[in-house]
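Student: I have a new structure to read. Can you take me through the reasoning behind its labels?

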Amino acid sequence: MPGRAELLLPLADDELVLGWRDSEWTGVAPFLEEDVAFSSIAQNEIGHARALYELSVRGEGGGGEVDELALGRAAEEYRCAPLVTAALPEWEDTIARRILYELADALRIDALTGSDDAEVAGVARKIQREERYHWAHAEMWLERLLGDDEGRARLEAAVGRLWGATLGLLEPPLRPALEAEAARRFPFPLRGEPVERAAAPPGFEPLWEEMTAVRRLVPHGQW
């Protein structure tokens, strides 16, 4: 049975980094509604990351500091997945990632709601409730893109580029459920080997430098 930090840190890091990536669309999204939506989703993801970091700190005896765990580690100490670290300047890839992440994230959050650790299960249920808005947004885009031939073609290409990284977001026992859910949602085949987590995945170090710049200027500052 993995310890609490071992269980939660990959998820917390994913939520933090994806929230940061989503926030990059603030002010530059192609529609005003998406500007607002992505800003809101980014805030939620970062809030979820904080809740998970807090649980991780308490799981290690309460001696750690949440901000230090979130922003004080070296780049190679983060456990985020390549799906969330990737810089995706094309809107269609960002929307495909949004849909795929929600499909995968729903499975692992649901698994955590059944944890024997009551605190973990409680936080997972809270996150699950808040994630309903994220899925509603993703599902809206899925239906919109599948509504015409051009949208379907662009979605198929973008999902194809990201599918291996999406599989790598989950631990192996949950991957068959993700494949089944994707087969139900997407009217096209998905192929690719999982892109596994690794220390400082491609594209992460520049993002890490940006994320942690203020923290590194005043390492023990109180904000």
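## Reasoning from values to labels

Tutor: Start with Glu 171, whose relative accessible area is 52%. Keep in mind that this is a predicted model.

Student: Why is Glu 171 called exposed?

Tutor: Exposed means over 50% relative accessible area. Glu 171 has 52%, so Glu 171 is exposed. Glu 171 sits in the loop between H7 and helix H8 (175–185). Its C-alpha is 9.9 Å from that of Arg 197, with the two positions 26 residues apart in sequence.

Student: Which residues are closest to the centre of the largest pocket?

Tutor: The largest pocket holds about 430 Å³ of space. Of its 16 lining residues, Leu 7, Arg 108, Leu 112, Glu 171 and Leu 174 are the closest to the centre. Helix H1 (4–23) and helix H5 (91–113) each give two or more residues to this lining. H1 gives the largest share, 4 residues. By class, the lining has 10 nonpolar, 1 polar and 5 charged residues.

Student: How do you know that the span of H5 agrees with its number of residues?

Tutor: The expected span is 1.5 Å times one less than the number of residues. H5 has 23 residues, so the span should be 33 Å. The end C-alpha atoms of H5 are 32 Å apart, which agrees.

Student: What makes H5 mostly covered?

Tutor: Of the 23 residues in H5, 18 are buried. Buried means under 20% relative accessible area. Take Asp 93, in helix H5. Its relative accessibility is 11%, so Asp 93 counts as buried.

Student: What makes the contact of Asp 93 with Arg 161 a salt bridge?

Tutor: The cut-off is 4 Å, from a side-chain nitrogen of Lys or Arg to a carboxyl oxygen of Asp or Glu. The closest N and O atoms of Asp 93 and Arg 161 are 2.7 Å apart, and the pair forms a salt bridge. This pair links distant parts of the chain, with Asp 93 in helix H5 and Arg 161 in helix H7, 68 residues apart.

Student: How many salt bridges does the structure hold?

Tutor: The structure holds 23. Asp 67 with Arg 50 is a salt bridge too, at 3.2 Å between the closest N and O atoms. Asp 67 lies in helix H3 (residues 66–71) and Arg 50 in helix H2 (residues 32–59), so this pair ties together parts 17 residues apart in sequence.

Student: Why are Asp 67 and Arg 50 called partly exposed?

Tutor: Partly exposed lies between the 20% and 50% limits. Asp 67 is at 30%, so the label is partly exposed. Arg 50 is at 40%, so Arg 50 counts as partly exposed.

Student: Why are Arg 154 and Glu 150 said to be about one helical turn apart?

Tutor: Because they are 4 residues apart in helix H7. Their side chains meet in a salt bridge at 3.9 Å, N to O. Arg 154 has a relative accessible area of 42%, so Arg 154 is partly exposed. Glu 150 has 54%, so Glu 150 is exposed. Both belong to a network of salt bridges with Glu 92, Asp 93 and Arg 161.

Student: Which residues line the largest cavity?

Tutor: Glu 92, Leu 145, Gly 151, Arg 154, Leu 155 and Ala 158. Helix H7 (residues 149–169) gives the most, 4 residues. The volume of the largest cavity is about 40 Å³. A search of the whole structure for cavities of 30 Å³ or more finds 1.

How values were computed
Residues are numbered from 1 along each chain as its sequence is written. This is a predicted model: local features need pLDDT of at least 70, side-chain atom pairs count only at pLDDT 80 or more; totals for chains, interfaces and linings use all residues. Side-chain values use heavy atoms; hydrogens and water are left out. On a 1 Å grid over the protein atoms alone, a cavity is a set of points where a 1.4 Å probe fits but cannot get out, and a pocket is an open set with protein on both sides within 12 Å along at least five of seven lines; lining residues have an atom within 4 Å of a point. Grid points are joined across faces, edges and corners, and a volume is the space filled by probe spheres set on the points. Ala, Val, Leu, Ile, Met, Phe, Trp, Tyr, Cys and Pro count as nonpolar, Asp, Glu, Lys and Arg as charged, and the others, Gly among them, as polar. Buried means under 20% relative accessible area, exposed over 50%, partly exposed in between (1.4 Å probe, protein chains only).
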